[in-house]
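Welcome! Let's get to know this structure together, one question at a time.

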Amino acid sequence: MSSAEVADNSVDPPAKKRKLNKAEASCKSSAMANNGTRVEDEIDESLYSRQLYVLGHDAMRRMASSDVLISGLGGLGVEVAKNVILGGVKSVTLHDERTCKVSDLSSQFYLSEASIGQNRAVASCEQLAELNHYVPTTAYTETLTEEFLQKFRVVVLTGATRAEQDRVAAITHANNIALIIADTRGLFSQVFCDFGPEFTVYDVTGENPVSAMVADITHEYEAVVTCLDDTRHGLEDGDYVTFSEVQGMTELNGCEPRKIKVMGPYTFSIGDTTTFSKYARGGIVTQVKMPKKTSF
C-alpha cells in the first residue's frame, strides 16, 4: 500500500492529510530538481552562495532562465562548458560535429584515448553533466539550423570557421539571441560578442550605492534635502535616491526612486514635497542604481 493510500485511509483530520500531501509534493519537487529539473524562481543559496554574493539574485535569476548552446568541444569549448554548467544556467546543449583525435587529448581534459573516434560532444557530455545536477546537459551532433538555434537564449561558438561564424551570427542577430564567438591560437585569443541592437546595464559604476544621514528636508515644490555637515553626500546630478527612517515626512520612506539635482556637497533637491507631511527629524538617503539602456 502506498503512502498516499495510507493517508487517504487514515482517521487523521483533513487538515493533517493536506499537510501530508503537501510534504509529498515538496519531496517530489526536490527530487526533480536533483535530477536536473529546475524549480522555477528558486535558487539554491547553499550551492551558489559565492556567485550570489558577486552577481546578486537578479543576475542569477536571469542565468537560471537561460538555455545555452556551446558549439565546439575542444580545449576552449570544454572549459567554457564547465564554467557555464557550474554557473547554474537553465540548460546546456553541447554541440560538435567533429570526432576526437589524438591532438585533442593535449587540451580537452574530458577526453581520453578511449574517446578517439567518438564525437567530442557525446564523449564529454556525461562527465560535464555530473558537475551540476541542477543543469540538464545534452549533446547534439547535427548541423546547426535556424530552427534549432531559435531554442536558445545564448549561443557560444568555439573553433568554428569564418564562414560558419558569419552564418550563425546572421541567424542569432536576426532572432535577438546573444552570441559569443571565441577562439585561441597558442598564446593569443579572440572574443566577439553580439548581444543585439541594445544592451541594458544594471550597474553603470559597479560601486556600492552611497548613503548619507539626513538633517533637514524642506516642504516646497523643489524640496531641498540637507545632509549632516560631517559627511558629503557623494551624489551626482541625475542620480536616483530613496529614503528610510524619516520622521514626520514619512511618505518618503521606501518611496519610488526620485531623481535629484545636486546643489552642493551637503544639499540636493528631490522635487515636490508639498503634498507630504512636514519633516520632523532623522532619516537616511540611499542611492538607487537605475538600469541604463545602451543602443548600438
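Q: Among contacts in the chain between residues at least 6 apart in sequence, what percentage join residues at least 24 apart?
A: This is a predicted model, in which local features need pLDDT of at least 70 and side-chain atom pairs count only at pLDDT 80 or more, while totals for chains, interfaces and linings use all residues. Residues are numbered from 1 along each chain as its sequence is written, and side-chain values use heavy atoms, with hydrogens and water left out. A contact here means heavy atoms within 4.5 Å. Among contacts between residues at least 6 apart in sequence, the share joining residues at least 24 apart is 63%.

Q: How many helices and strands are there in the chain?
A: Helices (H or I, at least four residues) and strands (E, at least two) are DSSP runs, numbered from the N terminus. By that rule, the chain has eight helices and 15 strands.

Q: What percentage of the residues of the chain count as buried?
A: A residue is buried under 20% relative accessible area, exposed over 50% and partly exposed in between, using a 1.4 Å probe and protein chains only. The chain has 296 residues, and the buried portion is 35%.

Q: In what order do the seven strands of the open sheet stand?
A: Two strands pair if DSSP finds at least two bridges between them. In this open sheet of seven strands, the pairing is antiparallel and the order is S11-S10-S14-S8-S9-S13-S12.

Q: Which strands stand at the edges of that sheet?
A: An edge strand here has a single partner strand, so one side of it is left without a neighbour in the sheet. The two edge strands are S11 (258-259) and S12 (261-262).

Q: Which residue is the bridge partner of lysine 261 in S13?
A: S12 pairs with S13 (residues 267-271) in the antiparallel sense, over two bridges. The partner that S13 offers to lysine 261 is serine 269.

Q: Which residue in S9 is the bridge partner of aspartate 216?
A: S8 and S9 (residues 223-227) pair in the antiparallel sense over three bridges. They also form a hairpin, with five residues between them. Across this pairing, aspartate 216 has as its partner threonine 226.

Q: Which residue in S14 stands opposite methionine 213?
A: Strand S8 (residues 211-217) and strand S14 (residues 284-288) run antiparallel and are joined by three bridges. Opposite methionine 213 stands isoleucine 284.

Q: Is valine 285 buried or exposed?
A: Valine 285 is found in strand S14. Residues that valine 285 touches, leaving aside those up to four places away in sequence, include Val214, Cys227, Phe243 and Phe268. The C-alpha atoms of valine 285 and valine 214 are separated by 6.6 Å, although the two are 71 residues apart along the chain. At 2% relative accessibility, valine 285 counts as buried.

Q: Which helices do the buried residues of H4 pack against?
A: Helix H4 (residues 57-64) has Ala59, Met60 and Ala64 as its buried residues. Seen down the axis of H4, they fall within an arc of 140° (taken from the directions from the helix axis to the C-beta atoms), so they line one face of the helix. Their packing partners are helix H3 (49-55) and helix H5 (75-87).

Q: How far apart are the closest N and O atoms of glutamate 79 and lysine 82?
A: Both residues lie in helix H5, three residues apart, about one turn of the helix. Glutamate 79 is partly exposed at 30% relative accessible area, and lysine 82 is partly exposed at 23%. They form a salt bridge (a side-chain nitrogen of Lys or Arg within 4 Å of a carboxyl oxygen of Asp or Glu), with a closest N and O separation of 2.9 Å.

Q: With which residue does arginine 162 form a salt bridge?
A: Arginine 162 counts as exposed at 61% relative accessibility. Its partner is four residues away in helix H8, about one helical turn. The closest N and O atoms are 3.2 Å apart, and the partner is aspartate 166.

Q: Are arginine 120 and aspartate 96 buried or exposed?
A: These two form a salt bridge, the closest N and O atoms being 2.9 Å apart. The pair links distant parts of the chain, with arginine 120 in helix H6 (residues 120-129) and aspartate 96 in the loop between strand S2 (91-95) and H6. Arginine 120 and aspartate 96 are both buried.
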